[in-house]
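Colleague: Please show me the model, and then we can go through it by question and answer.

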Amino acid sequence: MSEPLRFAGFFRRTVALGLDAIVPAIAVTLGWAMGIFDVRVFVAPMGWFYVDWLLHLWLDNPAIFTAPALWFVLLTSAWITTLTLIAGRSPGAMALGMRIVDAAGEDAARRRCAGRALASLWTLASLGLGWLWIVASREGRAWHDLLSGSWVVLGAPHHPTSHVNHNHSTSHR
C-alpha cells in the first residue's frame, strides 16, 4: 500500500494563489495603462497630501477604487477556474506540486472541479473567512473544498493505491 496523501496547507496554497494572480494583475495594470481605469489614484495634485487625495477620491467616487479591484477578482477567478477545468489544477498549484483529489484520492474529475469553482464563490463572498478555514481544518480544506468534496494534496499525479488519510496523522500546514 502506498503512502497516504499529504494535504497542502495554508501557506503553500496562498503562495499558489499569489502566483495565479500575476496574470490578472498584469491585465488590470494594462487597464490603467490604456486609460480604462482612472489613473488619478497614483498622483496627488499640487498642494494635496497623497493620503488626503486618496480619501477625497474615495469619498467623491469610490468606483475609482472598486472597479479595478472587482475586475482583478473576476479575472483571477475566471483565470483559475478556466485553467483548473482544462488542466485539473492552476499554474500556481502545478508550480508548487499540488493537485485536487476526491475522497478516494483520485484526481478530481472536471465535474468536481466545476462544482469546486462554483463553491469558491461562497469562499469569495465570505471575504476571506472561507479561505482562512484552511488553518482551522485538519485537512487544510477551504470552504469550497468542503462544499465540493475535494482535497488539495501534495505530490505526483494519482497512483491507484493512494487514498485520503482521514486519520489526520499526515496533515501538513
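The turns below cover the sheet, the salt bridges, a helix contact and one threonine.

Modeller: This is a predicted model, in which local features need pLDDT of at least 70 and side-chain atom pairs count only at pLDDT 80 or more, while totals for chains, interfaces and linings use all residues. Residues are numbered from 1 along each chain as its sequence is written, and side-chain values use heavy atoms, with hydrogens and water left out.

Colleague: In what order do the 3 strands of the open sheet stand?

Modeller: Strands are DSSP runs of E with at least two residues and helices are runs of H or I with at least four, both numbered from the N terminus; two strands pair if DSSP finds at least two bridges between them. Strand 2 (residues 98–101) and strand 3 (residues 151–154) pair antiparallel over 4 bridges, and strand 1 is joined to strand 3 by 2 bridges, also antiparallel. The order is therefore 1-3-2.

Colleague: Which strands stand at the edges of the sheet?

Modeller: An edge strand here has a single partner strand, so one side of it is left without a neighbour in the sheet. That applies to strand 1 (6–7) and strand 2.

Colleague: Which residue of strand 3 stands opposite Val-101?

Modeller: Val-101 belongs to strand 2, where it and Arg-99 are buried on one side, with Met-98 and Ile-100 buried on the other. Buried means under 20% relative accessible area, exposed over 50%, and partly exposed in between (1.4 Å probe, protein chains only). In the pairing with strand 3, the residue opposite Val-101 is Trp-151.

Colleague: What is the N to O distance in the salt bridge of Asp-107 and Arg-99?

Modeller: A salt bridge is a side-chain nitrogen of Lys or Arg within 4 Å of a carboxyl oxygen of Asp or Glu, and the structure holds 5 of them. Arg-99 is buried at a relative accessible area of 5%, whereas Asp-107 is partly exposed at 35%. Their side chains meet with an N to O distance of 2.3 Å.

Colleague: How many residues apart in sequence are the parts that Arg-116 and Asp-145 tie together?

Modeller: Arg-116 forms a salt bridge with Asp-145, the closest N and O atoms being 2.8 Å apart. Arg-116 is buried at 12% relative accessibility, and Asp-145 is buried at 0%. Arg-116 lies in helix 6 (residues 110–125) and Asp-145 in helix 8 (residues 143–148), so the parts tied together are 29 residues apart.

Colleague: Which residue is linked with Arg-116 and Asp-145 in a network of salt bridges?

Modeller: The pair of Arg-116 and Asp-145 is part of a network of salt bridges. The further residue named in this network is Arg-13.

Colleague: At what angle do helix 1 and helix 2 pack?

Modeller: Axes are lines fitted to C-alpha atoms, for helices over the stretch in contact, and angles run from 0 to 180 degrees between N-to-C directions. The axes of helix 1 (residues 10–20) and helix 2 (residues 22–33) are 4 Å apart. Contact (heavy atoms within 4.5 Å) is made by Gly-18, Leu-19 and Asp-20 of helix 1 and Ile-22, Val-23 and Pro-24 of helix 2. The packing angle is about 35°.

Colleague: Which residue's backbone oxygen does the side chain of Thr-76 reach?

Modeller: Thr-76 is found in helix 4 (residues 63–87) and is buried, with a relative accessible area of 8%. Leaving aside neighbours within four places in sequence, Thr-76 is in contact with Ala-21 and Pro-24. The backbone oxygen reached, at 2.7 Å, is that of Phe-72.

Methods. Polar contact = N/O pair within 3.5 Å; in protein donor to acceptor, adjacent residues only side chain to side chain.
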